[in-house]
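This report sets out how strands, helices and aromatic side chains are arranged in a multi-chain protein model. It is meant to be read beside the coordinates.

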6 protein chains.
Amino acid sequence: MRITRNWLRHAEGSALIEFGDTRVLCAATVEDGVPRWRRGSGEGWVTAEYAMLPRATDTRGTRESVKGKIGGRTHEISRLIGRSLRAVVDFKAMGEHTITLDCDVLQADGGTRTAAITGAYVALVDAVKYLRRQRNLKNNPLTGSVAAVSVGIVQGQPRLDLNYLEDSVAQTDMNVVVTGTGQFIEVQGTAEKVPFDRAHLDTLLDLAVAGCAQLTEIQKKALSE
Amino acid sequence: MRITRNWLRHAEGSALIEFGDTRVLCAATVEDGVPRWRRGSGEGWVTAEYAMLPRATDTRGTRESVKGKIGGRTHEISRLIGRSLRAVVDFKAMGEHTITLDCDVLQADGGTRTAAITGAYVALVDAVKYLRRQRNLKNNPLTGSVAAVSVGIVQGQPRLDLNYLEDSVAQTDMNVVVTGTGQFIEVQGTAEKVPFDRAHLDTLLDLAVAGCAQLTEIQKKALSE
Amino acid sequence: MRITRNWLRHAEGSALIEFGDTRVLCAATVEDGVPRWRRGSGEGWVTAEYAMLPRATDTRGTRESVKGKIGGRTHEISRLIGRSLRAVVDFKAMGEHTITLDCDVLQADGGTRTAAITGAYVALVDAVKYLRRQRNLKNNPLTGSVAAVSVGIVQGQPRLDLNYLEDSVAQTDMNVVVTGTGQFIEVQGTAEKVPFDRAHLDTLLDLAVAGCAQLTEIQKKALSE
Amino acid sequence: MRITRNWLRHAEGSALIEFGDTRVLCAATVEDGVPRWRRGSGEGWVTAEYAMLPRATDTRGTRESVKGKIGGRTHEISRLIGRSLRAVVDFKAMGEHTITLDCDVLQADGGTRTAAITGAYVALVDAVKYLRRQRNLKNNPLTGSVAAVSVGIVQGQPRLDLNYLEDSVAQTDMNVVVTGTGQFIEVQGTAEKVPFDRAHLDTLLDLAVAGCAQLTEIQKKALSE
Amino acid sequence: MRITRNWLRHAEGSALIEFGDTRVLCAATVEDGVPRWRRGSGEGWVTAEYAMLPRATDTRGTRESVKGKIGGRTHEISRLIGRSLRAVVDFKAMGEHTITLDCDVLQADGGTRTAAITGAYVALVDAVKYLRRQRNLKNNPLTGSVAAVSVGIVQGQPRLDLNYLEDSVAQTDMNVVVTGTGQFIEVQGTAEKVPFDRAHLDTLLDLAVAGCAQLTEIQKKALSE
Amino acid sequence: MRITRNWLRHAEGSALIEFGDTRVLCAATVEDGVPRWRRGSGEGWVTAEYAMLPRATDTRGTRESVKGKIGGRTHEISRLIGRSLRAVVDFKAMGEHTITLDCDVLQADGGTRTAAITGAYVALVDAVKYLRRQRNLKNNPLTGSVAAVSVGIVQGQPRLDLNYLEDSVAQTDMNVVVTGTGQFIEVQGTAEKVPFDRAHLDTLLDLAVAGCAQLTEIQKKALSE
């Protein structure tokens, strides 16, 4: 796992996160104003867009721009990333500004959505710093940190950070988003093949919390450089 | 909570599920053949499409057909319903047939996605019966039953089956899909406002499992009539 | 033929119209403002959108939201419903408000467009009442009532209210929209197989006017409850 | 009214029809095969597409290709043209071939849809001749001729062939499609402002039948040159 | 080569340009205001849209409005026409007005893009005259004239104005846009089959400049009538 | 200028090309079969798709997948890249296989289209090697090499490799695609502000040919590592 901060020159915050063969480029953009439905609230907004380059995977996928529409999986992941980051943002402190996190998967080998969340947090920190400085914000809009892992049961064994091969044979697949203080933001467990019981769920949650604690350290290190 | 089985005349299975002011019409369609990527596998497929009538809610929403694209929320819920039902289907036993569950929300007052899953299961049972009869299937493609509830923390109190007002003020919101034997198919917990801890999670899961057990009884009753 | 008024809780007016196996849910929405091209005119607007649930018919149709575009038939019927209702509305009396009639076919067995017009009128009446009350309108924006029937020649015999089977073998198919006082709003006759002569046309028009008179009574009854 | 036959060099049939300031270019294309739903029937198909150049009218309209979707009016007229021509075609005699009529309005001044039908018939005749010759068809697929006019009530007076100014103030507007032998194919009467009675309808129909008889003569002349 | 000025009645400028069997209808529309990104600049804008009628060519093409998207070739040519005309416009002198050139190919036999540029210039001249008169512009927004030709190497021979057959076998294909004073606006040379050397390029440029000089004369004549 | 070959693990060929602050990721995909219109010809096909990440530039651009359509500039550049590479491919030697070049701009600072062509050639070489090995092709499908530069006149001075700032003030902008033996594949010169004369054109072409010769060396070096 490696995070290269400020990989991009133009973005207000950016990070290239590498995780096995998975590589996600996360860029944060700060803009004045908020979406229409939020105008006049005095509160900011944070949103995310996830996408995959056509040849990020083993076989080439058709571009969504060519199809003319965004697929269900892309929508689902973009929404997950946005929700996860919003959970640690104080929108009042932000004022009416919007930060957009673009998470583009350059290469995929499992765990792209959790890598995207973990990397996007780093880009978000720099974007928030930029916003505070530029707009003279009194209070820090960030109320915590966020990291995410995927965990699963493979051949009866609980496993952290499944790569693509493991992911495709996992019986249960769970994405867990955790704050730097170990609280849950999202718990998404899915029985791919067979329904799972409470004991399995508990094991996976333990594993996830421990994994996120490690990622939190790597984020801190990247942000202190 | 009320389930009216066979509300539609043409569909191979159907159910109108009413739940407070929420009303979802679930229709199951049996078709020969499977999507291209599954052809030749000898296995069947189950998929779902969720949608809301424009005036199901308090203010009119623009039709997705008029917008020319399907929104992220619709995609996310359609995928959730499909995954939930596939967890109790033996695709080998189905043969190369497809069952599509259309879940159309006629009126919405919270919990539409979990009502859709619970109602769609009833429609699925009748569609599977039809398929077995028509195509002379030896083994039963259904391996269990599925029900779903939404649970949440409202003003510090764990609550089952949030309506729209409760939902919009909930701190945590969790959708849980459970089999008739009490095992988990999906656990989707989201911190709307503040991250939650393990104790909260455990309380909500207990509540959800109990709620689903009740729904399972209502499904059985509807299916035995 | 049965009209259930106020089938929906949120809409300002609504009616479920059932007609043989045909079931159309009509919802009226009142909104302030008018489309851009009408702004500043001091006049209101009435428009309609027609759609069919995917499993309303014997074989499942692909959703127009999934196709990403609205089909010609849908467009044609939506425009017909809108025109028909506008013929009995005094836009000056309405002020700059818009009423949208959503007509969603839950189940189809012939005559869905005429059922939609007949049901939408009932929803419109309640929406206009709501608008008058809410916005203190001095004059009644409604100048009459509207009902519609389909008539046709089946095996040489003129027939009222064709169901799907009859419709598909009809030589001539005519949709007629008539006011409560028996005047014509729309006359749409189509030779499906063989061109028709004036005598046929006259017979069908007589039949249609008589049929609409019956529907007008049913509307009055529903509205008086 | 002027019809220039074979205005195009590539098309199997074509006509430029001019009618006051209205100019519609009609092109007929013959292709082997029929739409999927008709394959194996041994029968042919005739369809039409209507469109308007952006500056056909007084103010420029946005291209439907740029909007990315076809408007309701375009759909409605395309369907009307297709239905009108199909009424005089014997699909069995055609065999599994498709003729597409493209009707593009180069300049508009009222009555474009009826001009399109009248011109498209001329293009169709040549396309059918081409098809018979090329594919050695035994029987003539054409069973009659088709012409269309718009009629209306302007300031209380029945009028034939409304131009744009008259059209926009007409109380009633009726498009009538008639065969060469004076029978009806389509009767589409619309109350633009006030509902109309049977006497009005009868007057307009008489006017329309007489108008179409004149057009039939002009078509015959164009086709005999 | 023939240019019929004012072929359309509504447009502020128009020309039908015929060139062998190629026929392009060019219409210029004058509108107040400029695109959003240019507002407040005090400068005008000139843009173009190119399209082909479905049966302009030997085989029928699907309408881009039906496909729901504009093809790459259409985009490329529309941009070329717009750039070419903008090179002879003084936007300050125009003020915040927009002129849109619609170039619709009614029939195609090679060289449609260069014919469109040459004809659009004539329509532009009349539209600019209209704009000066209507808005009392002090200075002439036109700084020169524009004409364009396609040249190519066919079987080793340099050729002016390739028709479709020649075009499809050309080794090199070059579109050259030249001002009335013989300077270059666009040079677009493409090796269709084999890369070309400097000598070829020079020969083709000489040929193109000479060809454009002839077209400039034809434009002048059309504009002086 | 730096080319990192095989930046991606899954693609059959890939290169990250860096050029000032411009970074383009080029991935080549080999697939069996060719587009429909080419089937049965025995010949292969090479095509390209160009795109820009939303935050590649100084201000964030809306994703084309979100807009639901591909812009004119994207189309134009994709077509240019495809044409340029096809000029050095022997399709007969390729057999019925397709190579797709995806050129995604991760960061933009001028010259992205020419960088994309230069990098895509390197990815193409590796993809062709893969194809020859896998499908046992007898003859080499590559007939030469391709490199491209942008040149322009900035404040009266001819300049090679304009960055974004220079590009936006250039009077003339020319993209030139040249083979390894110094012949032209594409010459695209555009007068951004003032038309240019033959002498300017000649100077820019000289500059471009010299620049491409340098790039050819860098490509050779990258391919020999």
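The sections below treat the annotated domain, two sheets, the contacts between chains and the aromatic side chains.

## Annotated domain

The structure is a predicted model. According to the UniProt annotation, from an unreviewed entry, residues 1-127 and 145-210 of chain A are covered by "domain: Exoribonuclease phosphorolytic". Within residues 1-127 of chain A, helix accounts for 31% and strand for 32%, and the C-alpha atoms at the two ends are 22 Å apart. Residues 145-210 of chain A are 29% helix and 44% strand, with end C-alpha atoms 15 Å apart.

## The sheet shared by chains A and B

Strands of chains A and B build an open sheet of eight strands with antiparallel pairing, in the order S7(A)-S6(A)-S8(A)-S9(A)-S9(B)-S8(B)-S6(B)-S7(B). Its edges are strand S7 (157-160) of chain A and strand S7 (157-160) of chain B; each has a single partner strand, so one side of each is left without a neighbour in the sheet. From one strand to the next, the twist averages 15°.

In chain B, strand S6 (residues 146-154) and strand S8 (residues 172-179) are joined in the antiparallel sense by eight bridges. One residue of this pairing is B:Ile153, whose bridge partner in S8(B) is B:Thr172.

Helices from both chains pack on this sheet. Helix H6 (residues 198-224) of chain A touches strand S6 (146-154), S7, strand S8 (172-179) and strand S9 (184-191) of chain A, together with strand S9 (184-191) of chain B. The direction of H6 of chain A makes about 140° with that of S6(A). Helix H6 (residues 198-224) of chain B touches S9 of chain A together with S6, S7, S8 and S9 of chain B, and its direction makes about 140° with that of S6(B).

At the chain A end of the strand order, S6(A) and S7(A) pair in the antiparallel sense over four bridges. A:Val154 faces A:Gln157 of S7(A) across this pairing. The two strands, S6(A) and S7(A), form a hairpin with two residues between them, and A:Gln155 in the turn has a positive phi of about 45°.

## The five-stranded sheet of chain A

Chain A also contains an open sheet of five strands with mixed pairing, ordered S1-S2-S3-S5-S4. Strand S1 (2-5) and strand S4 (45-52) of chain A stand at its edges; each has a single partner strand, so one side of each is left without a neighbour in the sheet. Here the twist averages 20° from one strand to the next.

S1(A) is paired with strand S2 (residues 13-19) of chain A in the antiparallel sense over four bridges, and A:Arg5 stands opposite A:Ala15 in S2(A). Helix H2 (residues 72-86) of chain A packs on the sheet through S4 and strand S5 (97-107) of chain A, its direction making about 145° with that of S4(A). H6(A) packs on this sheet as well, touching S1 and S2 of chain A, and its direction makes about 25° with that of S1(A). H6(A) thus packs on both the five-stranded sheet and the sheet shared with chain B.

## Chains without contact

Two chain pairs lack contacts, as listed below.

| Chain pair | Contact | Closest C-alpha atoms |
|---|---|---|
| chain A and chain D | none | 10 Å apart |
| chain C and chain F | none | 10 Å apart |

## Aromatic side chains

Over all chains, the structure holds 18 aromatic pairs. One of them joins E:Phe184 and F:Phe196, whose ring centres are 5.8 Å apart and whose planes lie at 35°, so the pair is tilted. This pair crosses between chains: E:Phe184 belongs to strand S9 (residues 184-191) of chain E, whereas F:Phe196 lies in the loop between strand S9 (184-191) and helix H6 (198-224) of chain F. E:Phe184 and F:Phe196 are both buried.

How are the rings of F:Trp37 and F:Trp45 arranged? Their centres are 4.8 Å apart and their planes are at 85°, so the pair is edge-to-face. F:Trp37 is exposed, with a relative accessible area of 58%, whereas F:Trp45 is buried, with a relative accessible area of 15%.

In chain A, one aromatic cluster is formed by A:Trp37, A:Trp45 and A:Phe91. In chain B, the charged end of B:Arg38 sits over the ring of B:Phe91, 4.7 Å from its centre. In chain E, the charged end of E:Arg38 sits over the ring of E:Phe91, 4.7 Å from its centre.

Terms used
Residues numbered from 1 in each chain as written. Chains lettered and ligands numbered in written order. Predicted model: local features only at pLDDT ≥ 70, side-chain atom pairs only at ≥ 80, totals over all residues. Heavy atoms only, no water. UniProt positions renumbered as here; feature names shortened; annotations may be inferred. Pairing = 2+ DSSP bridges. Axes fitted to C-alpha atoms, helices over the stretch in contact; angles between N-to-C directions. Contact = heavy atoms within 4.5 Å. Phe/Tyr/Trp six-rings, centres within 6.5 Å; stacked < 30°, edge-to-face > 60°. Buried < 20%, exposed > 50% of the residue type's maximum accessible area, 1.4 Å probe, protein only. Lys NZ or Arg CZ within 6 Å of the ring centre and 35° of its normal.
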